[in-house]
Amino acid sequence: MSTTPRIAIAGAGLGGLVCARVLQQHGVPATVFERETDPDARSQGGTLDIHEDTGQAALRTAGLFDEFLALSRPESQEWHLYDRHATLIRHDQAGEDDLSRPEIDRGHLRALLLDSLAPGTVRWGHSVRAVTPLPHGTARLHHHNHTTEDFDLVIGADGAWSRVRPALSDAQPSYAGVTLVEAHFDDVDHRHPGIARLVGRGTMSAKAGRRSLVLQRNSNGHVRAYINFRGPQDWHAGVDLADTEAVRVRLLAQYQGWNENLLDILRDNEGGFINRPMFVLPVPHTWRRVPGITLLGDAAHLMPPAGVGANLALLDGAELAQSVIGHSTIAEALDAYESVMLPRAAENAKTAQQMLAGLMPDTDSDDAAFPDSLWPAAPLPDSRPAHTS
């Protein structure tokens, strides 16, 4: 760039933060606007498997790969698959030196990225209300307090319900027909040994027809459970979601006939249940170029969870920053970035749709297949028949 551009990033998620980090590495300042009031305002979610060719590539670009490895858990690449009778179907373990997709708590990765930024980069408690294009290729960012600021580039990294997206696209997320209900277990190895045996060191899944139960081990003995099923978004009609016991009864009714050890996932969790209906954007999601505005991560390509969402957000952020650094104008940078990002997103979204259809078919039959193509990787050298997620 012949002159230093004014860049705003809406959203302090992984993609927005890695974008800011790479820009700053090359002397290009960016301001990140985040509606949360501070880094600890809420839980940042569960564990992520960071892939070599996407998320890890982005962290290498950001100069943070070694720090990431120090925080990651390669042993948590272990997967178990069960049927609803708790019969082990498949068990995959990573080789000793396998770093293809080590796990890391999302909160730890976010903290690593935040700590890598110049002080004051993130403006906490500053939510974005809208963005409008201006003449000469710039864009106006509208804050919720009705103040405005003008930038040469506004990047929507603000997730599923992006307030930047409407400047580019009329697309709105729609319910995918599947709901995830989240639950938690603490100090699992001592307080919940049955759950610890099921999850092992990584991820466990039991599935039958349109239902599954998933456990994921996080750091410090914490396990997150995801109770997944295909059904209407109002599956909880007539039940107060804040009434833990009433929700438990409704969920147990959906899993009648499942093994008692698996039902402990529904019976023994600590705290309440968190309802998370799954939303997706159309595939492909594209837009006609609006100068000075673009999107990354879920704001651009919200798709069913298939182990790629966070990885694509990281890669989007790093590549967008590199494109800005490597081109003489913002327009050229966005041409280069979107010409790669949008087709990649469409391909991954189609794959995620296929995975969702295979994992959550619209049938209650226990005979629904679980083909190898749905696994996160090819069978590992020391895998043995029988288990998990």
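**Exercise 1.** Determine which strands helix H11 lies across and at what angle H11 runs to E17.

*Solution.* Helix H11 (residues 330-359) lies across E11 and E17 and runs at about 25° to E17. Helices (H or I, at least four residues) and strands (E, at least two) are DSSP runs, numbered from the N terminus, and the angle, on a scale from 0 to 180 degrees, is taken between N-to-C directions of axes fitted to C-alpha atoms, for helices over the stretch in contact, where contact means heavy atoms within 4.5 Å. The model is predicted, with local features needing pLDDT of at least 70, side-chain atom pairs counting only at pLDDT 80 or more, and totals for chains, interfaces and linings using all residues. Residues are numbered from 1 along each chain as its sequence is written, and side-chain values use heavy atoms, with hydrogens and water left out.

**Exercise 2.** Place E11 and E17 in their sheet, and identify its edges.

*Solution.* Begin with the pair itself: E11 (residues 153-156) and E17 are joined in the parallel sense over three bridges, two strands being paired if DSSP finds at least two bridges between them. Within this pair, Val 154 has Ile 293 of E17 as its bridge partner. Next, the open sheet of five strands follows the order E7-E2-E1-E11-E17, with parallel pairing. Strands E7 (122-124) and E17 (293-295) are at the edges with a single partner strand each, so one side of each lacks a neighbour in the sheet.

**Exercise 3.** Describe the sheet that contains E9.

*Solution.* Three strands form an open antiparallel sheet in the order E8-E9-E10, whose edge strands, E8 (128-133) and E10 (148-151), each pair on one side only. E8 and E9 (residues 139-143) share five bridges.
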